[in-house]
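Please open the model in your viewer and keep the sequence panel beside it. The tour below moves from one selection to the next and says what is found at each stop.

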Amino acid sequence: MEVHPLTGVTDGEIVIMRSEITDQKRTEEEMKLLINNTEESFILLDKDLKIVSFNNQFQNLYKKYLRLHVKKGDFIINYAQPDRKKAVMEIYQRVLKGNVEFSSIEIPISETEIKSFSMKFNPARDNFGNIFGVFVTAADITEIKQAELLKDLKKR
């Protein structure tokens with residue numbers, strides 16, 4: 001805690017205290033800006049795989065491509081494609097045991113367009129190293145996949 005005297009006061013001395021809460025709030029706001037101004041999508045889940053927090057990109061991705069509105073407290077498996085639910089659940093179970101997992105997903109946008117995403121699943125740990133949930137990062141890799149396909153086609 002910092003203590004600063006207020007100068008220029010004639011009726012005695014007034015002391016202003018600025019707590020560490022102000023610094024913590026500023027740090028939280030800076031982190032929020034960083035997380036919401038990146039291309040990647042982020043989501044934090046608790047041990048029960050309920051949504052704790054997510055960034056704007058995650059919300060926009062699900063709204064745009066899957067027509068789903070993401071809400072805190074929802075069970076993340078409900079957002080998985082039906083044919084992937086079992087595999088996704090197994091990924092989360094391994095991550096909650098301490099493993100880091102990678103996956104990719106393709107989402108059909110139209111009859112001629114597919115979006116590809118790379119996902120990384122990390123255990124979310126507290127300051128003592130205890131796992132309290134899962135942190136997922138997703139990145140759009142559609143352009144990379146398309147470039148790889150073109151490269152392969154040119155080789156043939």
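**Starting at a charged pair**

Select Lys145 to begin: this residue is partly exposed, with a relative accessible area of 29%. The model is a predicted one, and every stop on this tour should be read with that in mind.

Now add Glu106 to the selection, since the side chains of Glu106 and Lys145 meet in a salt bridge, at 3.9 Å from N to O. Glu106 lies in strand E5 and Lys145 in helix H4, which covers residues 142-155, so the pair ties together parts that are 39 residues apart in sequence. Glu106, like its partner a candidate for display as sticks, counts as partly exposed at 44% relative accessibility.

**The other salt bridges**

How many salt bridges does a search of the whole structure find? The search returns 3, and the remaining stops of this section take you to Lys115 and Arg94 with their partners.

Select Asp140 together with Lys115, which form a salt bridge whose closest N and O atoms are 3.4 Å apart. This pair also links distant parts of the chain, with Asp140 in strand E7 and Lys115 in strand E6, 25 residues apart. Is each partner buried or exposed, or something in between? Asp140 is partly exposed, with a relative accessible area of 41%, whereas Lys115 is buried, at 16%.

Move next to Arg94 and Glu101, where a salt bridge brings the closest N and O atoms to 3.0 Å from one another. Here Arg94 is partly exposed at 33% relative accessible area, while Glu101 is buried at 14%. As a general point, side chains of opposite charge can pair when their charged atoms come close.

**The whole chain**

Switch to a cartoon view, in which the secondary structure of the protein chain comes to 4 helices and 7 strands. Read from the N terminus on, the elements run β-β-α-β-β-α-α-β-β-β-α. If you colour by accessibility, buried residues make up 29% of the 156 residues in the chain. Among contacts between residues at least 6 apart in sequence, 35% join residues at least 24 apart.

**The nonpolar core**

Select Leu45, Ile76, Tyr92, Phe121 and Val134, which are the residues with the most contacts inside the largest nonpolar core, a set of 25 residues. The elements that give two or more residues to this core are strand E3 (41-46), H2, H3, E5, E6 and E7. In soluble globular proteins, nonpolar side chains tend to be buried together.

Centre the view on Phe121 and show its surroundings: leaving aside neighbours within four places in sequence, Phe121 is in contact with Ile91, Tyr92, Val95, Asn99, Val100, Glu101, Ser103, Val134, Phe135 and Val136. Glu101, the buried partner of Arg94 visited earlier, is therefore a residue to keep displayed at this stop.

**The cavity**

Turn on a cavity display, where a search of the whole structure finds 1 cavity of 30 Å³ or more, with about 250 Å³ of space in it. Of the 20 residues that line this cavity, Tyr62, Tyr79, Ala80, Ile105 and Met119 lie nearest its centre. Helix H2 (56-65), helix H3 (85-96), strand E5 (101-108), strand E6 (114-125) and strand E7 (131-140) each supply at least two residues of the lining. By class, the lining divides into 18 nonpolar residues, 1 polar and 1 charged.

**H2, Ser41 and the second largest pocket**

Select H2, in which Gln57, Phe58, Gln59, Leu61, Tyr62 and Tyr65 are buried. Just beyond, H2 is followed by Arg67, whose phi is positive, near 55°.

Then pick Ser41, which is found in strand E3 and is buried, with a relative accessible area of 5%. Not counting residues up to four places away in sequence, Ser41 touches Asn55, Gln57, Phe58, Leu61, Val136, Thr137 and Ala138.

Finally, display the second largest pocket, which has a volume of about 260 Å³. Its lining includes Ser41, Gln57, Leu61 and Tyr65, and also Asp140. Which element gives the most to this lining? H2 does, with 5 residues, and the lining as a whole has 5 nonpolar, 3 polar and 4 charged residues.

Methods: Residues are numbered from 1 along each chain as its sequence is written. This is a predicted model: local features need pLDDT of at least 70, side-chain atom pairs count only at pLDDT 80 or more; totals for chains, interfaces and linings use all residues. Side-chain values use heavy atoms; hydrogens and water are left out. On a 1 Å grid over the protein atoms alone, a cavity is a set of points where a 1.4 Å probe fits but cannot get out, and a pocket is an open set with protein on both sides within 12 Å along at least five of seven lines; lining residues have an atom within 4 Å of a point. Grid points are joined across faces, edges and corners, and a volume is the space filled by probe spheres set on the points. Ala, Val, Leu, Ile, Met, Phe, Trp, Tyr, Cys and Pro count as nonpolar, Asp, Glu, Lys and Arg as charged, and the others, Gly among them, as polar. A salt bridge is a side-chain nitrogen of Lys or Arg within 4 Å of a carboxyl oxygen of Asp or Glu. Buried means under 20% relative accessible area, exposed over 50%, partly exposed in between (1.4 Å probe, protein chains only). A nonpolar core is a set of buried Ala, Val, Leu, Ile, Met, Phe, Trp, Tyr and Cys residues joined through side-chain atoms within 4.5 Å. Contact means heavy atoms within 4.5 Å.
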